[in-house]
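Reader: I am new to reading structures, and the words used for them puzzle me. Could you take me through some of them?

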Amino acid sequence: MTSRKELAAPPISIRVWQRMLSGRRLDLLDPSPLDIEIADIAHGLARVARWNGQTRGAHIFSVAQHTLLVEAVMREQTPRVDIRVRLAALLHDAPEYVIGDMISPFKAVLGGDYKAVEKRLLAAIHIRFGLPPALTDEITEQIKAADRGAAYLEATELAGFAETEAKRLFGRDPGLPEAARQDYLTPWSAARAEKRFLARFKAVTS
């Protein structure tokens, strides 16, 4: 894990924390698990657009809805997966409630510092909700596989990609049942995405 000292220190006059609606103040360079609340995560992710907003529908396709789709794909691919792995899948993009959803090409351009901040935030989120700071390679790959499956569905159903292009970039269609496909790929309002994210979080942590 990259330490705070390894990140370029900003000038002392620059603010590096964000105030949350819960009243928490989260330091982006040294995030404390004690300053992380699931309500803040759900609220933020429900208002962050996937694909830079370049999706079909009356509403944005939010990161909150994407994480629910990823977890649904994981359940389809590995029905007996441990509940803690499902929680990790649900939280895999949680840092974006603070730093937004930058598309992969832009992340590649930005490189190191962005990835270090994202990694530290995810580690703090994991600790807050009882997961190890860093996941095993096996679990990480399970989540990535489900994430690629979700990306394939989003790309072809919502973002205007041809199936051949999506297959080349994201792999194969994950085979989600039609009812689930219709549900998770119809963009929800922010309020609905927030409510469903919180409900699923409660289900996998109860």
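The questions and answers below concern the words used for this predicted model.

Reader: Why are α2 and α3 called roughly antiparallel?

Author: Helix α2 (residues 63-77) and helix α3 (residues 83-90) pack at an angle of about 150 degrees, and their axes are 8 Å apart. Angles over 145 degrees count as roughly antiparallel, and therefore α2 and α3 are given that name.

Reader: Which residues of α2 and α3 make the contact?

Author: On the α2 side they are Thr67, Leu68, Val70, Glu71, Met74 and Arg75, and on the α3 side Val85, Arg86, Ala89 and Leu90. By class, six of these residues are nonpolar, one is polar and three are charged. The crossing of α2 and α3 is right-handed.

Reader: What makes the packing of α2 with α7 roughly perpendicular or oblique?

Author: Helix α7 (residues 137-157) packs against α2 at an angle of about 115 degrees, with the axes 8 Å apart. The class called roughly perpendicular runs from 65 to 115 degrees. The angle is given as about 115 degrees, at the end of that range, and I leave the name open.

Reader: Which residues meet where α2 packs with α7?

Author: From α2 come His66, Leu69, Val70, Val73, Met74 and Gln77. From α7 come Gln142, Ile143, Ala145, Ala146, Asp147, Ala150, Leu153 and Glu154. Nine residues of this contact are nonpolar, three are polar and two are charged. This crossing, too, is right-handed.

Reader: How do you know that α3 is largely enclosed by the rest of the structure?

Author: Six of the eight residues of α3 are buried, so the helix is largely enclosed. Those six are Val85, Arg86, Leu87, Ala88, Ala89 and Leu90. They pack against α2, α7 and α10 (190-205).

Reader: What makes α1 mostly covered?

Author: Six of the eight residues of α1 are buried. They are Ile38, Asp40, Ile41, Ala42, Gly44 and Leu45.

Reader: Why is tryptophan 51 called buried?

Author: Its relative accessible area is 17%, and buried means under 20%. Tryptophan 51 therefore counts as buried.

Reader: And is glutamate 165 buried, exposed or partly exposed, and why?

Author: Glutamate 165, in helix α8, has a relative accessibility of 33%. Buried would need a value under 20% and exposed a value over 50%, so glutamate 165 counts as partly exposed. Its C-alpha atom is 9.4 Å from that of tyrosine 152, a residue 13 places away along the chain.

Reader: What makes the pair of tryptophan 51 and phenylalanine 170 edge-to-face?

Author: The ring centres are 5.9 Å apart and the planes stand at 90 degrees. Rings pair if their centres lie within 6.5 Å, and planes over 60 degrees apart count as edge-to-face. The pair of tryptophan 51 and phenylalanine 170 fits both conditions.

Reader: How do you know that this pair links distant parts of the chain?

Author: Tryptophan 51 sits in the loop between α1 (38-45) and α2, phenylalanine 170 belongs to helix α8 (residues 163-170), and they are 119 residues apart. The structure holds five aromatic pairs, and ring pairs join Trp51, Phe161 and Phe170 into a cluster.

Reader: What is notable about phi in the loop between α1 and α2?

Author: Most residues other than glycine have a negative phi. Tryptophan 51 has a positive one, near 60 degrees. Asparagine 52, in the loop between α1 and α2, also has a positive phi, near 55 degrees.

Definitions and conventions. Residues are numbered from 1 along each chain as its sequence is written. This is a predicted model: local features need pLDDT of at least 70, side-chain atom pairs count only at pLDDT 80 or more; totals for chains, interfaces and linings use all residues. Side-chain values use heavy atoms; hydrogens and water are left out. Axes are lines fitted to C-alpha atoms, for helices over the stretch in contact, and angles run from 0 to 180 degrees between N-to-C directions. Helices (H or I, at least four residues) and strands (E, at least two) are DSSP runs, numbered from the N terminus. Angles under 35 degrees count as roughly parallel, over 145 as roughly antiparallel, 65 to 115 as roughly perpendicular and the rest as oblique. A crossing is left-handed if the near helix is turned anticlockwise from the far one by less than a right angle, and right-handed if clockwise. Contact means heavy atoms within 4.5 Å. Ala, Val, Leu, Ile, Met, Phe, Trp, Tyr, Cys and Pro count as nonpolar, Asp, Glu, Lys and Arg as charged, and the others, Gly among them, as polar. Rings of Phe, Tyr and Trp (its six-membered ring) pair if their centres lie within 6.5 Å; planes under 30 degrees apart count as stacked, over 60 as edge-to-face and the rest as tilted. Buried means under 20% relative accessible area, exposed over 50%, partly exposed in between (1.4 Å probe, protein chains only).
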